[in-house]
Amino acid sequence: MKELRKRFERFCLRNRSKGIPNLMLVIAIGNAAVYLLSAIDPSNVVYSWLCFSRSGILHGQIWRLFTYIFTYLCDSAGMNLFLSVVAMFCYYQFGRILEQYWGALRFNLYYFTGILLTDIAALLLGYPATAGAMNLSLFLAVATLAPESQVLLFFIIPIKMKWMAWVYLGFAAWDVVSYLLSYGFFRFFWLFPLVPLLNFFLFFGSDIKNLLPSSVRYRRPKQRKTHPKPDPNWASGYHSKSGEKPYRHKCTVCGRTDTEYPNLEFRYCSKCNGYYCYCIDHINNHAHIQ
């Protein structure tokens, strides 16, 4: 599985410029256009033809499988239009961050895979699909890539992204409980809030531990005292003439290696001009080498 993931990352890195550029800008403009047309036309013809409809899809209206992403403002503006517009702007910013970090191809795959999983869940469960939960998965992705970055909660309170991610996971858990209380276990509507998380886990895998505190991520397991036994991997203790142990990955900034810190994650920066390795603490906090 790790080898398959590495191949996928290398493929996306080689083709990072392919795909639909500025995808979230296209989606934001489409949402604004649909909302304005719906506000002008009291019959809501445009909205009725673009929103998700299970019966319409089963009767051949397959465009509804993806056009509902342009009805987010119409679906959520009933509570507060201002908050819906702010949320749409935040999703645009998160999408732009992911596209700059990943490239257009991988971001497109992340978003469209979320649409596909949402469509499958909506068709199987008979529950109407919306783009709200899927857009929130963009925030979860940004929080995993830059957990120490800060955002302003209510435009005032600075808070780290990783703590906001845990708040989102708490709301997702509450949604599951609400669906269970409202519809019961065997209607399986409680699975619907978990679909964006499934897409998130599919793309990030073990990287979700970036949301955990550093003391937990880098804590070394306690070594039990045992009687010495013959070491079949005696060659791993070999030292070069300079006294340095062999390693596979070494951080360009701090110099830590996977030999000295076996539980530390290492990544390679796609923006540096060359094959430069960084630890998880410096992959998002270093000067790019050009």
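Colleague: How much surface does the protein expose, and what share of it do carbon and sulfur atoms supply?
Modeller: About 18,200 Å² is exposed, with 65% of that from carbon and sulfur atoms; the areas come from the Shrake-Rupley method with a 1.4 Å probe. Bear in mind this is a predicted model, where local features need pLDDT of at least 70, side-chain atom pairs count only at pLDDT 80 or more, and totals for chains, interfaces and linings use all residues. Residues are numbered from 1 along each chain as its sequence is written, and side-chain values use heavy atoms, leaving out hydrogens and water.

Colleague: And how many of the residues count as buried?
Modeller: 37% of the 290 residues, buried being under 20% relative accessible area.

Colleague: OK, helices. At what angle do α7 and α9 cross?
Modeller: Roughly 50 degrees, and the axes of α7 (residues 81–102) and α9 (residues 132–145) come within 9 Å. That makes the pair oblique, the class for angles that are not under 35 degrees, over 145 or 65 to 115.

Colleague: Which residues of α7 meet α9?
Modeller: Tyr91, Phe94, Ile97, Leu98, Tyr101 and Trp102 do, and their partners in α9 include Leu136, Phe139 and Val142; contact means heavy atoms within 4.5 Å. The residues of that contact split into 12 nonpolar, 2 polar and no charged.

Colleague: Switching to loops, where is Asn22?
Modeller: Asn22 lies between α1 (2–14) and α2 (23–40), and has a positive phi of about 55 degrees despite not being a glycine.

Colleague: Is Asn22 buried or partly exposed?
Modeller: Partly exposed, because its relative accessibility is 45%.

Definitions and conventions. Axes fitted to C-alpha atoms, helices over the stretch in contact; angles between N-to-C directions. Helix = DSSP H or I, 4+ residues; strand = E, 2+ residues; numbered from the N terminus. Nonpolar A, V, L, I, M, F, W, Y, C, P; charged D, E, K, R; others polar. Buried < 20%, exposed > 50% of the residue type's maximum accessible area, 1.4 Å probe, protein only.
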